[in-house]
Amino acid sequence: MSRWDNGTYNESYTSFLLVGFPGMREARALLVLPFLSLYLVILFTNALVIHTVASQRSLHQPMYLLIALLLAVNICAATTVLPAMLFSFSTRFNRISLSQCLGQMFCIYFLVSMDCNILLVMALDRYVAICYPLRYPEIVTGQLLAGLVGLAVTRSTCIVAPVVVLASRVRFCRSEVIHHFACEHMALMKLSCGDISLNKTVGLIIRTFNRVVDMLLLGASYSRIIHAAFKISSGGARAKALNTCGSHLLVIFTVYSSTMSSSIVYRVARTASQDVHNLLSAFYLLLPCLVNPIIYGARTKEIRQHLVRSFLCVGP
């Protein structure tokens, strides 16, 4: 889109070319097979655990339903990015409108935020289950669970919406080429030709504030949970409680370390190539999607038993 502004000709692009891994140039088609394989593994492993939870009535409990919801978010996050990226790598058709770009940006950050918020709901669920086991069925009801999930959706929307709304008001005139495989916020902001200090400040404040709040809530919950677990007299019950918490803590570490490492490296390693930044973005978006179902499928005894039984039933 072009326009005259105060006698000066200004151009603001309303569509862009997504060029992921620009350093590979013509060899980008070679990335199709590894990323397609990764996408299929993510779909299969997450869907397998979700199907197991959905098909087994004994697993229709808050903890397992939250695990299934987390893995469903994983599938959505991978699907938001990978199919379009694979299509652009294989056909070289990689043009995207500004509205589509902002929509993809919202979906990516919303789903990443939902991951974190579901982990907070899981922490609350485990806190009540281990610290108040006798009152757990009357406290953690389906109505409370639905309310907490609704709160997670609302919080995720409130975290992401200001960043996307501010991005929609920016004028992009430096280039129409986004050196990224998806509409990541800072990759798009590099194309701006105006003052984006407000965008950077708001984004940094929102991200920092929410990460600090998340860490405080998770730290407080799991410190109380672990303290209560060690006070359980039954060795079997204590081991089960600690194993369950261990699975959740592994997932928390995976999700938060990947997102935080990407943010830190993006700001510190400014001299790194754009391909490195692309790889880090893929890492923080896709690593939780790949690892979470493996952690819950292998470490959660009840889910693991049903998975083993299912494989034995379909075996020769």
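**View 1. Helix α5 and its packing partners.** The buried residues of α5 pack against α2 (62–91), α3 (98–131), α6 (185–189) and α7 (197–230). This is a predicted model, in which local features need pLDDT of at least 70 and side-chain atom pairs pLDDT 80 or more, while totals for chains, interfaces and linings use all residues. Residues are numbered from 1 along each chain, and side-chain values use heavy atoms, leaving out hydrogens and water. Among the buried residues of α5 (under 20% relative accessible area, 1.4 Å probe, protein chains only) you can find L145, L148, A152, S156 and I159. Helices here are DSSP runs of H or I with at least four residues, numbered from the N terminus.

**View 2. The length and bend of α5.** Helix α5 covers residues 142–168, and its 27 residues should span 39 Å at 1.5 Å a residue (counting one less than the number of residues); the end C-alpha atoms lie 38 Å apart, which agrees. Look for A161, where α5 bends by about 30 degrees (the angle between axes fitted to the seven residues ending there and the seven starting there), with the proline P162 following within four residues.

**View 3. The second largest pocket.** This pocket holds about 350 Å³ of space. Of its 14 lining residues, R126, A129, I130, K240 and T244 lie nearest the centre. Helices α2, α3 and α8 (235–268) each supply at least two residues of the lining, and α8 gives the largest share, 4 residues.

**View 4. The whole chain, for orientation.** The chain has 10 helices, and its C-alpha trace spans about 80 × 50 × 35 Å along its principal axes. Of its 316 residues, 46% are buried.

Conventions
Buried < 20%, exposed > 50% of the residue type's maximum accessible area, 1.4 Å probe, protein only. Contact = heavy atoms within 4.5 Å. 1 Å grid on protein atoms, 1.4 Å probe; cavity = no way out; pocket = protein on both sides within 12 Å on 5 of 7 lines; lining within 4 Å. Points joined across faces, edges and corners; volume = space filled by probe spheres on them.
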